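Work through these exercises with the sequence and the model side by side. Try each task before you read its solution.

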Amino acid sequence: MGMHNTIDAGLGEFIVGKRTGSVQNFSNPLIAQPHNQSALPPTYAPPQPGFGSTIPGLVIQPQLVQELTPKERADIRRRKANRAAITRKAPLLRRMTGRVVSYLDINGRPITNEKGDFANGDVVPRREHFRRLEKHYRNHWEELLEQREAIKDSSDHAARCYLDAYERLDLLTRGLFLAPVSRDAMTMVCYLYRQKRTLFGRRKIVRNKVKRVRISEFDRRLRKFIDLAFTDAAYANAKIGGYPLHSLSARQLVYGFCSAPSSLVQTD
């Protein structure tokens, strides 16, 4: 989505004065007069052309600026609107009473339009917003657990997927969430497992380290992740389902964050 002056105390003035020959002689304590001490020989500086003047043989090529297509301009407006929605704060007086703008409805679903982008969220107490976020997270992993339970014995991958869903729900009973991004949301863990080469050249599957956080920190990182995901530079190479993050809808990003990191194994 990552979403990273030195004060010379008069030394600069001394260097400039030394180069220009305008330094002071303090060898005589009674007479401290500036004298000309040329440190560098004079150099030739060609005259600079003024406004409207020309230099023979010099041709200035106009810079070509590629205009954006209507589709590209619309996409920029869409991403800006989503960033403004996820970072929007409640009015000051309501914020002082502990209210926030929730991007989830009462059933824990993202508040979006027909295209999946954020619509105007509800200003609710922070506790109510956390209840909605927990419900969204719980519903998502309970559905995955039900789907994966039927195929958990079919392969090692299916077994890992089932155990991952079970772990998320078990952590949730203790008020913990797996955060797929770092605190500043500039680093993202896309895979829960990776292949590691052993000393004898064999490969084994190991688990990546993923931070466990409380719901307030999970919500903060989610907002930061979506804010960065809709920029041009952050998460330039990150994808969900094969699509770049900035091309996805806000609804897809919320679900993608809550389901990350993936149970797939990262390969070399």
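**Exercise 1. Is His136 buried or exposed, and what does His136 touch?**

Step 1. Locate the residue. His136 lies in helix H4. Helices (H or I, at least four residues) and strands (E, at least two) are DSSP runs, numbered from the N terminus.

Step 2. Check the accessibility. His136 has a relative accessible area of 3%, so His136 is buried. Buried means under 20% relative accessible area, exposed over 50%, and partly exposed in between (1.4 Å probe, protein chains only).

Step 3. List the partners. Not counting residues up to four places away in sequence, His136 touches Leu104, Gly108, Pro110, Val254, Tyr255 and Cys258. Contact means heavy atoms within 4.5 Å.

A word on the model: it is predicted, so local features need pLDDT of at least 70 and side-chain atom pairs count only at pLDDT 80 or more, while totals for chains, interfaces and linings use all residues. Residues are numbered from 1 along each chain as its sequence is written, and side-chain values use heavy atoms, with hydrogens and water left out.

**Exercise 2. Find how H4 packs against H7 and against H5.**

Step 1. Take H4 and H7. Their axes are 10 Å apart and the packing angle is about 70°. Axes are lines fitted to C-alpha atoms, for helices over the stretch in contact, and angles run from 0 to 180 degrees between N-to-C directions.

Step 2. Classify the angle. H4 and H7 are therefore roughly perpendicular to each other. The cut-offs: under 35 degrees is roughly parallel, over 145 roughly antiparallel, 65 to 115 roughly perpendicular, and the rest oblique.

Step 3. Name the residues. H4 brings His136, Tyr137, His140 and Trp141, and H7 brings Val254, Tyr255, Cys258 and Ser259.

Step 4. Now take H4 and H5. Their axes come within 9 Å and cross at roughly 150°. That makes H4 roughly antiparallel to H5.

Step 5. Pick out the residues that meet. Among them are Tyr137, Trp141 and Leu145 in H4, and Tyr162, Tyr166 and Leu169 in H5.

**Exercise 3. Which residues of H7 are buried, and what covers them?**

Step 1. Read along the helix. In H7, the buried residues are Ala250, Leu253, Val254, Gly256, Phe257 and Cys258.

Step 2. Look at the cover. It includes helix H2 (70-87), H4, H5, H6 and strand S9 (239-240).

Step 3. Zoom in on Ala250. Helix H7 (residues 250-259) is the place of Ala250. The relative accessible area of Ala250 is 0%, so Ala250 is buried. Leaving aside neighbours within four places in sequence, Ala250 is in contact with Asn82, Gly116, Asp117, Phe118 and Phe230.

Step 4. Compare sequence and space. Ala250 and Lys115 are 135 residues apart along the chain, and their C-alpha atoms are separated by 9.0 Å.

**Exercise 4. Which elements build the largest nonpolar core?**

Step 1. Start with the definition. A nonpolar core is a set of buried Ala, Val, Leu, Ile, Met, Phe, Trp, Tyr and Cys residues joined through side-chain atoms within 4.5 Å.

Step 2. Find the best-connected members. The largest core has 39 residues, and Phe218, Leu222, Phe225, Ile226, Tyr235, Leu245 and Leu253 touch the most other members.

Step 3. Assign the elements. Helix H4 (126-149), H5, strand S5 (177-179), helix H6 (215-229) and H7 each give two or more residues. H6 gives the largest share, seven residues.

Step 4. Look for another core. One of seven residues lies apart, including Leu171, Leu176, Tyr193 and Val210.

**Exercise 5. Trace the sheet that contains S6.**

Step 1. Set the order. Three strands form an open sheet, S7-S6-S11, with mixed pairing. Two strands pair if DSSP finds at least two bridges between them. The edge strands, each pairing on one side only, are S7 (203-207) and S11 (262-266).

Step 2. Follow each pairing. S6 (residues 191-197) and S7 run antiparallel, joined by five bridges. S6 and S11 pair in the parallel sense over three bridges.

Step 3. Match residues across the strands. Tyr193 stands opposite Arg207 in S7, and Lys196 opposite Lys204 in S7. Arg194 stands opposite Gln266 in S11.

Step 4. Add the helix. H5 (residues 156-173) lies across S6, S7 and S11, at about 135° to S11.
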